[in-house]
Amino acid sequence: MELPADDRRYLDSHEWHRLRDGLVEIGLTAFAIEELTDITFVEVTAESGPVEPGQAFGEIESVKATSELYCGVAGEVVEVNPAVIEDPALLNQDPFEAGWMIRVRPADAADPLAGLLSADDYRAKYAG
C-alpha cells in the first residue's frame, strides 16, 4: 500500500492529515481513491470556520460511490484547494501532495495529530 513516509496520520475513514507550517493539510489516501476508482466530483462544504474531529467537511463522488470526507482535528478551516475542486481527477494523479483538500489551523498547537492512526497502524488495518 502506497503511503508517504511518517509525516502523516490517518483516520479510519481514509483521510490523511499532515502538519505543515502550523496548519493541518487533509486529503484522501490512495487506498480510498483506488477503492472509489475514478473521482468525478469533490465538494467542500466547510470552506471556512470551525471544525471538530469526526465532522464531515465535504463529499467525494466517483463512478462507484459517494462518500463524506471527515476532519480528524479541532480547529478552523482556513483554506480550500481550488485545484481539486476544479479538477477532481487530480486526486487520482497525486493524492498525497497536490491532492490535499483543506487546511485547518489546529486548536491544539502542541500535538494536533495525537489520537490519529500512524502510517503503520493504518497499513496494518487496510493492507490485508
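Which residue in S6 does valine 44 stand opposite? Select valine 44 and look across: the residue facing this valine is glycine 58 in S6. Keep in mind as you click around that this is a predicted model.

**The sheet**

Now color S4, S6 and S7. These three strands make an open sheet, ordered S4-S6-S7, with antiparallel pairing. Go to the edges next: strand S4 (39-44) and strand S7 (66-70) each have a single partner strand, so one side of each has no neighbour in the sheet. If you tilt the view, you can follow the turn between strands: neighbours in this sheet are rotated by 20° against each other on average, ignoring direction.

**Strand by strand**

Select strand S6 (residues 56-62) along with S4; the two run antiparallel and are joined by five bridges. Then swap S4 for S7. Five bridges also join S6 to S7, and this pair runs antiparallel. To see one of those pairings, pick glutamate 61, whose bridge partner in S7 is threonine 66. From there, trace the chain between the two strands: S6 and S7 form a hairpin, with three residues between them.

**Over to valine 78**

Leave that sheet and select valine 78, which sits in strand S8 (residues 75-80). Is valine 78 buried or exposed? Somewhere in between: its relative accessibility is 34%, so this valine counts as partly exposed. Show its surroundings and, leaving aside residues up to four places away in sequence, you'll find it touching Leu23, Arg103 and Arg105. For a last stop, draw a distance from the C-alpha of valine 78 to that of glutamate 47: the two are 31 residues apart along the chain, and the separation is 7.6 Å.

Methods:
Residues are numbered from 1 along each chain as its sequence is written. This is a predicted model: local features need pLDDT of at least 70, side-chain atom pairs count only at pLDDT 80 or more; totals for chains, interfaces and linings use all residues. Side-chain values use heavy atoms; hydrogens and water are left out. Helices (H or I, at least four residues) and strands (E, at least two) are DSSP runs, numbered from the N terminus. Buried means under 20% relative accessible area, exposed over 50%, partly exposed in between (1.4 Å probe, protein chains only). Contact means heavy atoms within 4.5 Å. Two strands pair if DSSP finds at least two bridges between them. Axes are lines fitted to C-alpha atoms, for helices over the stretch in contact, and angles run from 0 to 180 degrees between N-to-C directions.
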